[in-house]
Amino acid sequence: MNQKKKAILASVALLAMVLMTAPVMAEPGDHELPAETDVFWTVFASMTKPDDTAGCEAAVTTYMNSHTFVDENERQGWQQGLNEMCTMVAQMPTEMETSMATEGVETSLFDADNWHLISGLYFQKSENGQPMGRISFSNTIDFMTYRFFSFMNNFGNLVQFNDGYISLNAAMVPDMINYGASFTMYGLNFAETPDIYVSNGSIVRKATDADVSGVVYDANAGTLTFTPGHFSSFRVVEKGSAIKTMQISKVDPKSVKYKARKSTFRVNVKGKNLYKKGSVTECTLGYSHAIKVSAAKNGKRVKCTFTMSEFSTLGNYPLAISIPGTGEVTRANGVRMK
């Protein structure tokens, strides 16, 4: 049961990172959540909220009565482990609320009496007391499911808010649509509704009704709210303005041989507008951040260094170069690990 307990605690810590401003990743990951078939989710679904200890104990009793064990020692081991799980899960709301507050995340989650039926759910990220981004759900949410936990567990790495710029990963879109998610940007100072540009890879164009819907701009509050229609980076600019297009023209090497004994490897990227004065160019491969990034001031070259141990799974990994607040460009099959 030790691995199970570690997984539950990890899920608590990771959920507290909702709406963090980490660079968008190219693929989702379940991190350390218990597997979807794990008994944890069966028990969890039987509770009204994590601190519903009575519901947890009742679900554990049902599971124990319906399960066949090899011997009495195994039965007692499972009973003890599941009872400990109920105790740990009961601490989740307090742990989450404290961690989220520390990270500047506000949410309506803790106002709900039944976490299977949450209306008006939102998460808002602030920094130094100033709101940066908000995700709101128009549909009623069942928080006590593997699917929604996975969605929120990956949210901090798959959505980036930064000064008039939001980047979304394709993996987020189906669930965003199902949950009725909309996004709000803060701190805008446009006199009228700004133009919204969308970027898929190196193609940048003004947004259409198919790209975004429900656009509402409040000039007094400096906020823009919209519902995204697909995978994109969204950037707002003053009405009538134009923006530069980031491009990736070459990636070297195209393939890297995985060597467990080697600590790092480097990818050299050539392109256009990959650097902006006063900003930091960021680089991700698959689901991993580069531990070192060096960008030429002419914006034509970027060197990205990654940790070898994070790529033991062989295959193609998408490569993304991003400049927070400016834009992002992705090459779907950036590097092949062999």
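The S-S bond joining C56 and C86 has a torsion of about -90°, so this disulfide is left-handed. The link ties together parts that are 30 residues apart in sequence, because C56 sits in helix α3 (residues 53-66) and C86 in helix α4 (residues 72-90). In this predicted model, the two sulfur atoms of C56 and C86 are 2.1 Å apart. Both ends of the link are shielded: C56 counts as buried at 1% relative accessibility, and C86 is buried with a relative accessible area of 2%.

The structure holds two disulfides, and the other pair is C283 with C304, whose sulfur atoms lie 2.4 Å apart. Here the value about the S-S bond is 100°, and the link is right-handed. Since C283 belongs to strand β15 and C304 to strand β18 (residues 301-307), this pair ties together parts that are 21 residues apart in sequence. C283 and C304 are buried as well. Counted in sequence order, the bonded cysteines pair as 1-2, 3-4.

Strand β15 also helps to build an open sheet of five strands, with mixed pairing and the order β13-β20-β19-β15-β16. The edges are formed by β13 (255-256) and β16 (288-289), each of which pairs on one side only. Two bridges join β15 (residues 282-285) to β16, and these strands run antiparallel; L285 has S288 of β16 as its bridge partner.

What, then, of the nonpolar interior? The largest nonpolar core has 58 residues, and those with the most contacts inside it are F44, F123, F137, F143 and F148. Apart from this core lies another, of 23 residues, which includes the disulfide-bonded C283 along with V269, I321 and V335.

Technical notes:
Residues are numbered from 1 along each chain as its sequence is written. This is a predicted model: local features need pLDDT of at least 70, side-chain atom pairs count only at pLDDT 80 or more; totals for chains, interfaces and linings use all residues. Side-chain values use heavy atoms; hydrogens and water are left out. Two strands pair if DSSP finds at least two bridges between them. Helices (H or I, at least four residues) and strands (E, at least two) are DSSP runs, numbered from the N terminus. A nonpolar core is a set of buried Ala, Val, Leu, Ile, Met, Phe, Trp, Tyr and Cys residues joined through side-chain atoms within 4.5 Å. Buried means under 20% relative accessible area, exposed over 50%, partly exposed in between (1.4 Å probe, protein chains only). A disulfide is a pair of cysteine sulfur atoms within 2.5 Å.
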